[in-house]
Amino acid sequence: MDDKKIAGERAAELIRDGMIVGLGTGSTVYYTMKRISQMLENGLKIKAVSTSSSTTTIAQKLGIPLVDLNDVGKIDITIDGADEVDSSLNGIKGGGGALLYEKLVAISSEKVIWVVDSSKIVNQLGEFPLPVEVIPFAYNHILTKFKDMNLNPRLRINNGDFFITDSQHYIIDLYINKIEYPYELEKTLNSIPGVVEHGLFINIVDTVIIGKDNSLEIVNR
Ligand SMILES: O=C[C@H](O)[C@H](O)[C@H](O)COP(=O)(O)O
């Protein structure tokens, strides 16, 4: 069986009747959504907050009722994927470009669960390029700044054109390879004008559900 499927489906078991559920983005959380849709057919009642246009489309197809983030107080549980996770349970997200809404939903959540297969578990973050969402008005200047900082930036291109996020920004991917000091990098990126958000998720996740060799490992913070 697919390890992403095992992890994604397991996370759905944490959902209880009446909850507001944050729905992440990507191929692993897709399995969570499929499972949720079966649970809805069996009588579960929840409302969900989507983190991307692609998740919204899937949720609508699966009959998962959606609500706007601004119309809920607190999200009870958010289930999302990740691109890399280290042993401190920090991670990189945004491979699909959904990092901004994913972070906003995560920080509004009582509990954050990541669902991954074991290929996402790393000793050190950074082999996966770190996505940074930037304001189009200044993208070239931010790109130059990142070059000067030796962060190996590349503007994300999709089908020959600039990749545009759900909130109409560009993504610059940083090919750092080894992020020695994630906390410092987070601070630095947060301080650069024109950077809207970045894919370093530090001290955000509570539990990581890992699918590995057809079974599960669950790691809590
Ligand atoms: O922007 C995309 C998200 O951060 C995804 O959650 C992440 O890329 C993991 O996706 P997948 O489960 O497809 O590997």
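Analyst: A residue is near a molecule if its C-beta atom, placed from the backbone, lies within 6 Å of it. The model discussed here is predicted.

User: How many residues surround the ligand, and which are the closest?
Analyst: The shell divides by class into 3 nonpolar, 10 polar and 4 charged residues. Together, 17 residues surround the ligand. The closest are Gly26, Thr28, Gly81, Gly95 and Gly96.

User: How far apart do the C-alpha centres of domain 1 and domain 2 lie?
Analyst: The domain assignment gives domain 1 two stretches, 3-122 and 202-214. Domain 2 covers 130-194. Their C-alpha centres lie apart by 24 Å.

User: Which helix gives the most to the side of domain 1 that touches domain 2?
Analyst: The contact takes in 11 residues of domain 1 and 11 residues of domain 2. On the domain 1 side, one helix gives the most, with 3 residues. That helix spans residues 99-107 and is α4.

User: How many residues on the side of domain 1 that touches domain 2 are charged?
Analyst: Sort this side by class. It has 5 nonpolar and 6 polar residues. The count of charged residues is none, or in the wording of the tally, no charged.

User: Why is α4 largely enclosed by the rest of the structure?
Analyst: Burial is counted residue by residue, and 20 or more other C-beta atoms within 10 Å make a residue buried. In α4, the buried residues are Leu99, Leu100, Tyr101, Glu102, Lys103, Val105 and Ala106. The helix is largely enclosed because its buried residues number 7 of the 9.

User: At what angle does α4 run to β12?
Analyst: Helix α4 lies across two strands, β7 and β12. Against β12, the helix runs at about 70°.

User: Which strands are at the edges of the sheet that contains β7 and β11, and which residues do they span?
Analyst: This open sheet has 4 strands in the order β8-β11-β7-β12, with antiparallel pairing. The twist from one strand to the next averages 30°. An edge strand pairs on one side only, which fits β8 (153-155) and β12 (195-198).

User: What stands opposite valine 132 in β11?
Analyst: Strand β7 covers residues 130-134, and β11 covers residues 170-174. They run antiparallel and are joined by 5 bridges. Opposite valine 132 stands isoleucine 172.

User: Which strands of the sheet of 3 strands have one side without a neighbour?
Analyst: The order in this open sheet is β4-β5-β13, and the pairing is antiparallel. Between β5 and β13 there are 2 bridges, and isoleucine 92 stands opposite leucine 200. Each edge strand has a single partner, so one side is left without a neighbour in β4 and β13.

User: Is leucine 89 buried or exposed?
Analyst: Leucine 89 sits in the loop between β4 (84-85) and β5 (91-92). Beyond its sequence neighbours, leucine 89 touches Val205, Val208, Val219 and Arg221. It has 20 other C-beta atoms within 10 Å, so leucine 89 is buried.

User: How far apart in space are leucine 89 and aspartate 206?
Analyst: In sequence, the two are 117 residues apart. From C-alpha to C-alpha, leucine 89 and aspartate 206 are apart by 8.0 Å.

User: Which elements cover the buried residues of α1?
Analyst: Helix α1 spans residues 3-12, and it is largely enclosed because 9 of its 10 residues are buried. Among them are Ile6, Ala7 and Gly8. The cover includes α2 (29-41), β3 (75-80), β6 (109-117), β14 (207-212) and β15 (215-220).

User: What is the bridge partner of glycine 22 in β2?
Analyst: In β1 (residues 20-23), Ile20 and Gly22 point one way, Val21 and Leu23 the other, and all are buried. β1 pairs with β2 (residues 47-50) in the parallel sense over 4 bridges. In β2, glycine 22 has as its bridge partner valine 49.

User: What is the bridge partner of isoleucine 210 in β15?
Analyst: β6 and β14 run parallel, joined by 5 bridges, and valine 116 stands opposite isoleucine 210. β14 also pairs with β15, antiparallel and over 6 bridges. In β15, the partner of isoleucine 210 is glutamate 217.

User: Which residue takes a positive phi in the hairpin of β14 and β15?
Analyst: This hairpin has 2 residues between the strands. The positive phi is near 45°, and the residue that takes it is aspartate 213.

Definitions and conventions:
Residues numbered from 1 in each chain as written. Predicted model: local features only at pLDDT ≥ 70, side-chain atom pairs only at ≥ 80, totals over all residues. Domains from an automatic or database assignment. Contact = placed C-beta atoms within 7 Å. Nonpolar A, V, L, I, M, F, W, Y, C, P; charged D, E, K, R; others polar. Pairing = 2+ DSSP bridges. Axes fitted to C-alpha atoms, helices over the stretch in contact; angles between N-to-C directions. Buried ≥ 20, exposed ≤ 12 C-beta atoms within 10 Å, placed from the backbone. Lists of a residue's contacts leave out its neighbours within four places in sequence.
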